[in-house]
Amino acid sequence: MAPNRVIPAASKLLKAIKPLNSASTTTVSAISPPIGFPEKTPQAITTGDTTATSLSNFDDADKLFASVSTSHLLRTALNLHMVAMEPMVDTGMWIMRSRLMQTPLIKDVILEIIRSTIYDHFCAGENPVATRKSVLELNEAGLRGMLVYALEHAGDNEACDRNLQGFVDTVESAKSLPPSSVSFIILKITAICPMNLLQRVSDLLRWQQQDPSFNLPWKRDSFPIFSESSPVYHTLIKPELLTPDEERDLELVHQRLLKLSRKCVEANVPLSIDAEYTSIQPAIDYLTYSSAIIYNKDDNPIVYGTIQAYLKDARERLLLATKVADKVGVPMGFKVVRGAYMSSEGKLASSLGYKSPIHDCIEDTHACYNDCASFMLERIANGSDAVVLATHNVESGRLAMAKAHEIGVGKVHQKLEFAQLYGMAESLSFGLKNAGFQVSKYMPFGPIQLVLPYLLRRAEENRGLLSASSLDRQLTREELMRRLKTAIF
């Protein structure tokens, strides 16, 4: 598999971000558990030392939040209690989509309320100074940042080019932050490729999966993107080949991704590409792997794909991709998530008369997640791969820690990253950090009006996650009460 040749105006915000450094959900969606399943204890990753699961105490609020200020804890408690109330979330989403947002004065008031509550809690900042401050505060607490320039769903090439410059500027600005303070740059392919083109390419790739003789002259080197159980019901009739204009547009997408990947290589900051809907995931995986083949070298994966463990074919696709990567000597990086598009995936499959591509029960999703985590931990201990374990599930964190200690933490430390959403799962993040692991927070940033559509989509995809943060709410409340009693007595 020969590598392919590489053919060589951000917003004011990103141009000015020079004092900023670079860096697996969710978007929120990228690291959230599947919404709709009740959270239960996942199957354990088998280890030889059962005591390893108690390596970190995730419910000792005093130790967990030792590096967190009281004012920050108070804001966290208030915001988490607010978003846990679904009627309030529903009302907020209705207001943001209503005609009220078309009235200047009312709109300004609404945006200011959002800015001082939800936005400040879940986003890194609107401008370079605020974003830099958030990253540095996180770094001081022993955590790292995954920078998420909150753009997606570009409609044409002009928008794609504009978005690309924003991501490139983010990588450039990352260089001025302290080393390793930012772990990843996060990209949604829909920000640099129009959705209709992703759907067209996915249809063609699915048809080729069903008919290997179907020739795609534009197709570059890649890794397997389907398994025998992968859903292909999205493409029920033979699609038309890409038009010359569509082929040119696809080449532009390749060049955008290659340019961004090259910038990440120069900055030595990995690029993590989020997973999205199964209707367009084949094209996303194809683009991801074609870039990884060129830029993942010398035990240093730069381009990371994402595996959604709630999909029935997730483990098979992970095995197939890594097997071929081994044969051609390409080190692979993956972010392992549960997934966030459960409702829409089920509805689409049902409307076409097919079973959902998502596991039938939460236990199967947990088992798949833990299998993928265990598989990748074994690989990074014995080779050159890397993994981001993105989860808000405390038990999954314990089990992964146990597996890491069974293998030998020294063998996996630099190639293993845990990740949670900025503003959520703080107890898990600090527990993992206190146990000596690298931990990142997924940090969306950008002007509030630019980020607002992004946040709306994440809220819709992650309703269950927002209301399931009971442990964090309980622990922040306990720690605030402890500090109050200490101050009084």
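This note comments on selected features of a predicted model.

1. Strand 6 and its surroundings. Strand 6 covers residues 386-390, and 5 of its 5 residues are buried, so the strand is largely enclosed by the rest of the structure. In a regular strand, the side chains alternate between the two faces of the sheet. Here both faces of strand 6 are covered. Ala 386, Val 388 and Ala 390 are buried on one side, while Val 387 and Leu 389 are buried on the other.

2. Neighbours of strand 6. Strand 5 (residues 333-337) pairs with strand 6 in the parallel sense, over 4 bridges. In this pairing, Lys 335 stands opposite Val 388. Strand 7 (residues 416-421) also runs parallel to strand 6 and is joined to it by 4 bridges. There, Val 387 stands opposite Leu 416.

3. The kink in helix 5. Helix 5 is formed by residues 104-122 and has a kink of about 50°, centred on Arg 115. The buried residues of this helix include Ile 110, Leu 111 and Ile 114. Tyr 119, His 121 and Phe 122 are buried in helix 5 as well.

4. A nonpolar surface patch. Leu 236, Ile 237, Leu 348, Leu 352 and Tyr 354 make a nonpolar patch of about 470 Å² on the surface. One of these residues, Leu 352, lies in the loop between helix 12 (342-351) and helix 13 (362-382). Leu 352 counts as partly exposed because its relative accessibility is 35%, and partly exposed residues fall between the 20% limit for buried and the 50% limit for exposed.

Definitions and conventions:
Residues are numbered from 1 along each chain as its sequence is written. This is a predicted model: local features need pLDDT of at least 70, side-chain atom pairs count only at pLDDT 80 or more; totals for chains, interfaces and linings use all residues. Side-chain values use heavy atoms; hydrogens and water are left out. Patches are made of residues with over 30% relative accessible area and no salt bridge: like charges are joined within 9 Å, nonpolar side chains (Val, Leu, Ile, Met, Phe, Trp, Tyr) within 5 Å. Accessible areas come from the Shrake-Rupley method with a 1.4 Å probe; for residues, only the protein chains shown count as cover. A salt bridge is a side-chain nitrogen of Lys or Arg within 4 Å of a carboxyl oxygen of Asp or Glu. Helices (H or I, at least four residues) and strands (E, at least two) are DSSP runs, numbered from the N terminus. Buried means under 20% relative accessible area, exposed over 50%, partly exposed in between (1.4 Å probe, protein chains only). The bend at a residue is the angle between axes fitted to the seven residues ending there and the seven starting there. Two strands pair if DSSP finds at least two bridges between them.
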